[in-house]
Amino acid sequence: MTSPQDPNQGPDQGPYGQQPMPGSYPAPPPLSEPDTQTLEPPTEVKISFWLWIAGAVLSLLAPVLLFASRDELLTEARRTQGGELSQAELETIVNATIGFVAVFFLIFAGLFVLFAFKMKAGRNWARITLTVLTAIIMLFTLGSSLTGLIPVLVSIVAIVLMFLPKANAYFQAAKRVA
């Protein structure tokens, strides 16, 4: 490739001495500085993001606490089933229930984290999805213990922050940039 100081290359010639094609366009100018910068999320969105992460971590405590109270669950199952099931069958049911709850909470925690990152990046659909997932979780935690309600309360605060005026402006600006 020739350098710009090449004496054999005139001002209207390409790097190999050829003439530019008729009707060809010059290279576009480089993007200006504001065009290359990404939008910075407002404080409300950043706090909401961290609340979603905290809520996901807190929600993982529920299966841990459930596993810790396995013996109590087994005693309660034995009391309520009326002697129709053997001890091994009861243990299988309790263990399967704990496993199902653990997988359920793990999946939802992963989804909350994934959508929290998308929300922080300005994706409005992620903001709506987080709101819908919180509503679904609220249905499952109605009448639950305090450990089940704490992540829901954290999520509600995160939702409120996502819909404040500065956050709304951020999501609208991110939509225009995309």
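**Figure 1. Exposed surface and overall make-up of the protein chain in the predicted model.** The protein chain exposes about 12000 Å², of which carbon and sulfur atoms supply 68%. Of its 178 residues, 30% count as buried. The protein chain holds 8 helices and 0 strands, so that, from the N terminus on, its elements read α-α-α-α-α-α-α-α. Among contacts in the protein chain with a separation of 6 or more, 66% join residues that are 24 or more positions apart.

**Figure 2. Helix α4 (residues 70-81) and its buried side.** The 12 residues of α4 reach 16 Å from the first C-alpha to the last, which is close to the 16 Å expected at 1.5 Å a residue. Arg70, Leu74, Ala77 and Gln81 are the buried residues of this helix, and they cover an arc of only 65° around the axis, which puts them on the same side of α4. An α-helix has 3.6 residues a turn, so residues three or four places apart point the same way. The buried residues of α4 pack against α3 (61-68) and α5, whereas the face turned away from the buried side carries the exposed residues Asp71, Glu72, Arg79 and Thr80. After α4 comes Gly82, whose phi is positive, near 75°.

**Figure 3. The rings around Phe49.** The count of aromatic pairs in the model comes to 9. One of them joins Phe49 and Trp50 in an edge-to-face arrangement, with 5.0 Å centre to centre and 75° between the planes. Although the two residues form a pair, Phe49 counts as buried because its relative accessibility is 2%, below the 20% limit, while Trp50, at 55% relative accessibility, counts as exposed because the limit for that class is 50%. Phe49 also forms an edge-to-face pair with Phe117, at 4.9 Å centre to centre and with 75° between the planes. Since Phe49 lies in helix α2 (residues 43-59) and Phe117 in helix α5 (residues 87-120), this pair ties together parts that are 68 residues apart in sequence. Phe117 is partly exposed, with a relative accessible area of 48%. Lys120 lies over the face of Phe49, at 4.6 Å from the ring centre.

**Figure 4. The aromatic cluster and the surroundings of Thr134.** Ring pairs link Trp52, Phe100, Phe104, Phe105, Phe108 and Phe112 into a cluster. Two members of the cluster, Trp52 and Phe112, are in contact with Thr134, a residue found in helix α6 (residues 124-141). Leaving aside neighbours within four places in sequence, the contacts of Thr134 also include Ser155 and Ile159. With a relative accessibility of 2%, Thr134 counts as buried.

**Figure 5. Helix α8 (residues 165-177), with a buried face and an exposed side.** At 1.5 Å a residue, the 13 residues of α8 should span 18 Å, and the end C-alpha atoms are indeed 18 Å apart, which agrees. Ala167, Tyr170, Phe171, Ala173 and Ala174 are buried in this helix; seen down the axis of α8, these buried residues fall within an arc of 165°, so they line one face of the helix. On the other side of α8, the exposed residues are Pro165, Gln172, Lys175 and Arg176.

Note on methods
Residues numbered from 1 in each chain as written. Predicted model: local features only at pLDDT ≥ 70, side-chain atom pairs only at ≥ 80, totals over all residues. Heavy atoms only, no water. Helix = DSSP H or I, 4+ residues; strand = E, 2+ residues; numbered from the N terminus. Expected span 1.5 Å × (residues − 1). Buried < 20%, exposed > 50% of the residue type's maximum accessible area, 1.4 Å probe, protein only. Arc of directions from axis to C-beta. Phe/Tyr/Trp six-rings, centres within 6.5 Å; stacked < 30°, edge-to-face > 60°. Lys NZ or Arg CZ within 6 Å of the ring centre and 35° of its normal. Contact = heavy atoms within 4.5 Å. Areas by Shrake-Rupley, 256 points an atom, 1.4 Å probe, with all protein chains shown as cover.
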